[in-house]
Amino acid sequence: MAFTTVANVKAILNIPATVSQWDTLLTTIVAMVDSEIEGLIGHKVDATDYVEFYDVDSETQNEVVLNQFPVISVTYLKDAGGTVSTDDYYTDLEAGVIRLDDFSSFFTAGRQQVEVSYRAGYEAVPADLSYA
């Protein structure tokens, strides 16, 4: 997904839509800027499905920070291979954090103990990013 389009760039620069001599250059610039923005913010922007595994470093860890955000939906959360009920955790969609609801519940300590399947990113470009 491009943050903007050549048509938007041409409108901002007052280049008539019928003038096409700069379209190839503008397309290249749009692609470069898209890549730079994703690099600066540190995550993908397109809505994508992910399955990720997380290490649990302590016996008192009750949250995981997902690699991608904003989160659109969580398909499943597993702890040590067992599925965690959706009633037993909360997802901060904007921050991309999953937290167990009960403060006395913790993930199983160890490597790759938590598995999360989720969808994150934007289905459509937010208006404020289309002019970035």
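Aspartate 101 is partly exposed, because its relative accessible area of 40% falls between the 20% and 50% cut-offs. This residue sits in the loop between strand 6 (97-100) and strand 7 (110-120). Together with Asp87, Asp88 and Asp102, Asp101 forms a negative surface patch. Keep in mind as you look around that this is a predicted model.

**The hairpin of strand 5 and strand 6**

- Strand 5 and strand 6 pair in the antiparallel sense, and four bridges join them.
- As background, strands of a sheet pair through backbone hydrogen bonds, in either a parallel or an antiparallel way.
- For one bridge to find on screen, start at tyrosine 90, whose bridge partner in strand 6 is arginine 99.
- Four residues lie between the two strands of this hairpin, and glycine 96 takes a positive phi near 75° there.
- Strand 5 (residues 89-92) also has alternating side chains: Tyr89 and Thr91 point to one face and are buried, while Tyr90 and Asp92 point to the other face and are not buried.
- This fits a general pattern: in a regular strand, side chains alternate between the two faces of the sheet.

**The open sheet**

- Four strands make up an open sheet in the order 1-7-3-4, with antiparallel pairing.
- Its edge strands are strand 1 and strand 4 (82-83), each of which pairs on one side only.
- Strand 3 (residues 71-79) and strand 7 run antiparallel and are joined by seven bridges.
- To trace one contact across to strand 7, begin at leucine 77: its bridge partner there is valine 116.

**Salt bridges**

- Side chains of opposite charge can pair when their charged atoms come close.
- The count of salt bridges in this model comes to five.
- One of them joins aspartate 23 to lysine 10, with the closest N and O atoms 3.0 Å apart.
- That pair links distant parts of the chain, since aspartate 23 belongs to helix 2 (residues 23-41) and lysine 10 to helix 1 (residues 6-12), 13 residues apart.
- Are the two partners buried or exposed? Lysine 10 is buried, because its relative accessible area of 5% is under 20%, whereas aspartate 23, at 23%, counts as partly exposed.
- Another salt bridge brings together the side chains of arginine 119 and aspartate 49, at 3.1 Å from N to O.
- Arginine 119 lies in strand 7 and aspartate 49 in strand 1 (residues 48-56), so this pair ties together parts that are 70 residues apart in sequence.
- Aspartate 49 counts as exposed because its relative accessibility of 56% is over 50%, while arginine 119 is partly exposed at 23%.
- Asp49 and Arg119 also belong to a network of salt bridges that includes Glu123.
- Arginine 99 forms a salt bridge with glutamate 63, and their closest N and O atoms are 2.8 Å apart.
- Here too, distant parts of the chain are linked: arginine 99 is in strand 6 and glutamate 63 in strand 2 (residues 63-65), 36 residues apart.
- Arginine 99 counts as partly exposed at 29% relative accessibility, and glutamate 63 is also partly exposed at 29%.

**Following one residue through the picture**

- Which residue of strand 6 is the bridge partner of tyrosine 90? Arginine 99 is that partner, and the side chain of arginine 99 also forms the salt bridge with glutamate 63.

Methods: Residues numbered from 1 in each chain as written. Predicted model: local features only at pLDDT ≥ 70, side-chain atom pairs only at ≥ 80, totals over all residues. Heavy atoms only, no water. Patch = residues over 30% accessible without salt bridge, like charges linked within 9 Å, V, L, I, M, F, W, Y side chains within 5 Å. Areas by Shrake-Rupley, 256 points an atom, 1.4 Å probe, with all protein chains shown as cover. Salt bridge = Lys/Arg side-chain N within 4 Å of Asp/Glu carboxyl O. Lys, Arg positive; Asp, Glu negative; His and termini not counted. Charge placed at Lys NZ, Arg CZ, Asp CG, Glu CD. Buried < 20%, exposed > 50% of the residue type's maximum accessible area, 1.4 Å probe, protein only. Pairing = 2+ DSSP bridges.
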